[in-house]
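Please open the model in your viewer and keep the sequence panel beside it. The stops below say what to select next and what is to be found there.

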Amino acid sequence: MPHRWGMVVDLDRCTGCEACVTACHAENNIPTVGDRQAARGRAMHWIRVERYFEGVFPDVRVKFRPVLCQQCDAAPCEPVCPTYASHHTEEGLNAQVYNRCIGTRYCANACPYSVRFFNFFNPAWETPLHLQLNPDVSVREGGVMEKCTFCVQRITAAEIQAKAERRELKDGAIAPACVQSCPAKAMVFGDLNDPESEASRLARSPRGSKLLGDLGTQPKVTYLERQSPV
Amino acid sequence: MERRTFIKLTAVSGTGAALAGCGVSEPALIRFVPDETPAPGIAEWKPGVCPLCAGGCGLSVRIMAADVDTVRNGQRGVVRRGVAKKLEGAAAHPVNGGGLCARGQAGIQLTYHPDRLTQPIRRVGSRRDGQFEPITWDQALSELVSRLDTLATNGQVRSLAILTSGRPSHRQLLFDQFAARFGAPAPISYNLFDEPVVRRANDLSFGHDQLPTIDLARTRLLLSFGADFLGTWNSPVAQMAAYARMRRNPTGVRGSFVQIESRMTPTGASADEWLPVPPGTEGALALGLAHVILKEHLTSAPPGRAASLIDGWAAGLPDFTPEKVSAMTGVPSARIERLARALAGQRPAAAIIGGPALAHTNGLAAALAVNALNALLDSVDQPGGVCFTPPFRASVASRGGAPLSGGSAPPIRGTLQTLASEILSGRHPVEVLLVDGVNPVFAAPPAWRVGEALSRVPFVVSFGSFIDETAALADLILPDHTFLESWVDAVPESGSLVAVASVAPPTMTSLFQTRATPDVLLEVGRMLRQPIGLPWQTFEAMLKASFEALGPEVWSAAQKQGGWWEEPPAVPPTARPVSARLPAPTRPPGRRIAVSGGVPSFAPPEFDAAADDFPFHLLPYPSPSFLDGSLAHLPWLQELPDPMTSAMWSAWVELHPQTAERLHIQLGDLVRVESHAGAVEVPAFVSPGIAPDVVAMPVGQGHVTYTRYASGRGANPVSLLAPMVVSGADALAWAATRVKLTRVGPPDGRLVLFSTAGELRERPYEGPGARR
């Protein structure tokens, strides 16, 4: 059976520190756009931490929620793409083929999660900032849509390694950059087709829910709600 | 613009960007023979140490091949070599255990920053012009040496002053040793958000002159008085890791915590119970809780020395009945009683205090009250309680320890404020000033007149990699290697239950003509007319000597794993943690402060101005991205949305919706924030998580000069601070300033929010006053 990659985010552990956001920038060569472009809504964060205020002072609550591509099984971004740049892989990822993308931005309009980002310009890294670029990840050009890949380069590397060593992939052997960096270990990544994987186990938790799950997008990211004190 | 022109332009800029992206620009197509041969595409992971805060986290640095621009024999070209690509947390490190905060990960941009100084520079013209010229290392060192020689010849050795970050490390120790052997006063350290008050209180209460380590993983109920322990306070990554274990406790019981503060921090957002109290009344609440526990005989622990420091403890704290504390704090007395019973009933329970709770005139008294509460709960040096990281005994790098060799006494340090006032008054003329890793011109309150004082010093030397406000006043800048290019170490004073010292060799060869500051210091020491005779040739030799003292294998093992630490003891949950088994440290503290009139007892907080003229408390807080502003030059952190507001590239003032409505201020409106000390104009952010009489501003922006990314951006709330002092601890009470607000005008685009276009909701907060 092919793998079916999914993630579980434990909101009871997430502290909103945004280590995942920087980790994602470092791993995936996401450019910074500067204040002017950011003010026009062109900042790119494949993963972000949203905050939800509830109540009125002094009884205020805030809930953090890291939002990344939900890697939907019924992804609204895929059927709208005229060039099949946005497509579904065998392992269930919503992949983006940058070379096919012609920048219609239909996918971004179709995505209910606002996790697709358009390169309005060619990215620039002022020398020598370019030395930090990850050679495993291609740099996207202007006019191209980009998004979270679940760090497909890390998945592929681990799969190739396991195949070369003629062994099965172990649960927990793959950690996307956000999962790896999380100081509070709030995120778990794994194979949802393996009922014994930790991600599968946690995804079945009664605390689990899907973001905008009633849209029928069938996300592969499960959020575990915050708990109350005993 | 015509479509054709547009396409042409895109093509041109596209080619440029693609070339830049490959690191091969036009005149640099020559490829030199490399000195090292990293295999292309294969990553190598090397240990590192994060130097960005006092946490001392271990790093795992990903090294891969890249083409680096270089010059050989005057010919520009590229050479292939291994360079750092990504920083991750070292999985086995006892402080961070694999995690790494956003700041630490962005630290890689220090090495690759486009505005990094690439070689020594010397000021030309007056300080006001800010012009520098490049010079060679030989020229630079001989200039510094001749200045120091002149001091020695004229018998003015005490006119050398040194400013450092003061973080416990061998690097700091080297500066201490240099000063001691030269005959200069001990280096002075300054950090706006350092916690000297906690150290002082812990020294008085428990005999530990250090920040606490919370054994959160085993805590069932934690009370945090203002400590942003999941964000910026103390050792945040260690605390987040422990917090995660607390939430999914192996015993099956989910630990909970209560956050007491007047403005919601990200930590407050994660709390089970958020309890706002008026600024400066945290100590009263702690004593009120102790009162209830004492009165109802809920615990049996003898609180000992910590309690003996509190006035009226023996009488059962009669001044802190729930009713009286309720009147002071606005917390209903029933809630105080409930909290007290929960603390006594759900053990292990612990209390911590930090941040703004200590930055009031009564901060030390508040810390002592919390310490006494901990002692009453029997949570000091206990599983699930407040513990202390055992000292790294091999060396002297732990805060204030006895020197490795040489036998001089531990340094007695002055303060930045005293130094500045003595320079200005001429009482202590400073002829030469060395600055390493601090920017006091930016981070000290205006009344201290630090910039003016530094301008009066005839010769200022900075070791910084960037021209910040302090380095701009320097006569000579000797840029350091970054932490990825040099030997780096840290001896964290907290964050670990076992003794630990982080150390790592260089992960890559240096990109530019920079030199490691510790090695420069050692070389200067040798070049002096009367060499000061430090026993090490290099910083590496110093580290080696220190670690080898622990055992024959320790040094090589430490280099491989990024440090030395004790094996975590296999302690059953009921045993006392390791710090309790060690002999109580008897060493004298690094900064002994005279307490006039004994230990302060709790008194209502004092502020710099009356509420009639200045109706709001100003709460400056360490930015989750920039801490005290030292990281504002990193583009990743500038574009990182703030967790509470989603703001990027911005500074702002947070205010309560009611306050906003009353003053006719809406989200993004330009507001003038004015104190006795100064005024700034910043956009407003309306937030429900703040008391109506408090306004808060993140520290970090408002740099006059700090690279292309931070210069001239936003405003610096430190420029509003009055020089209020924490009573009994010679520290700045940075939360004791009052301000007034006036609306200046409509939004001018300075407040950049990610939420307006990038999130599921269009406004970060959709309540009253949040319209735009």
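## Domains of chain B

Begin with chain B and select domain 1 and domain 4, whose C-alpha centres lie 34 Å apart. The bounds, which come from an automatic or database domain assignment, divide chain B into domain 1 (28-111), domain 2 (121-192 + 393-565), domain 3 (196-387) and domain 4 (616-758). Keep in mind that this is a predicted model, in which local features need pLDDT of at least 70 and side-chain atom pairs count only at pLDDT 80 or more, while totals for chains, interfaces and linings use all residues. Residues are numbered from 1 along each chain as its sequence is written, and chains are lettered from A and ligands numbered from 1 in the order in which they are written.

Where domain 1 of chain B meets domain 4 of chain B, six residues of the former are in contact with eight of the latter (contact means that the C-beta atoms of two residues, placed from the backbone, lie within 7 Å). On the domain 1 side, helix α2 (residues 102-106) of chain B gives the most, with three residues; helices (H or I, at least four residues) and strands (E, at least two) are DSSP runs, numbered from the N terminus.

## A sheet and two helices in chain B

Next, select the seven strands of chain B that form an open sheet with mixed pairing, in the order β6-β5-β17-β16-β15-β7-β8; two strands pair if DSSP finds at least two bridges between them. At the edges stand β6 (131-134) and β8 (188-189) of chain B, each with a single partner strand, so one side of each is left without a neighbour in the sheet. Strand β5 (residues 121-124) of chain B runs antiparallel to β6(B) and is joined to it by four bridges, and here I121(B) stands opposite P134(B).

Now add helix α14 (residues 416-425) of chain B, whose buried residues are L416(B), Q417(B), L419(B), A420(B) and I423(B). A residue is buried if 20 or more other C-beta atoms lie within 10 Å of its own, exposed if 12 or fewer, and partly exposed in between, with C-beta atoms placed from the backbone. Those residues cover an arc of only 165 degrees around the axis, which puts them on the same side of α14(B); the arc is that of the directions from the helix axis to the C-beta atoms. The buried residues of α14(B) pack against β7, β8, α15 (440-443) and α16 (450-456) of chain B. After the helix comes G426(B), whose phi is positive, near 80 degrees.

## Across to chain A

Which residues should be coloured to show where the two chains meet? Select the 69 residues of chain B that are in contact with 61 residues of chain A.

Finally, move into chain A and select its open sheet of four strands, with mixed pairing and the order β8-β1-β10-β9. The edge strands, β8 (187-191) and β9 (208-209) of chain A, each pair on one side only. Strand β1 (residues 5-10) of chain A pairs with β8(A) in the antiparallel sense over five bridges, with G6(A) opposite G190(A), whereas β1(A) and β10(A) pair in the parallel sense over four bridges. End on strand β10 (residues 221-224) of chain A, from which V221(A) and Y223(A) point one way and T222(A) and L224(A) the other, all of them buried. L224(A) is the bridge partner of D10(A) and also of G208(A).
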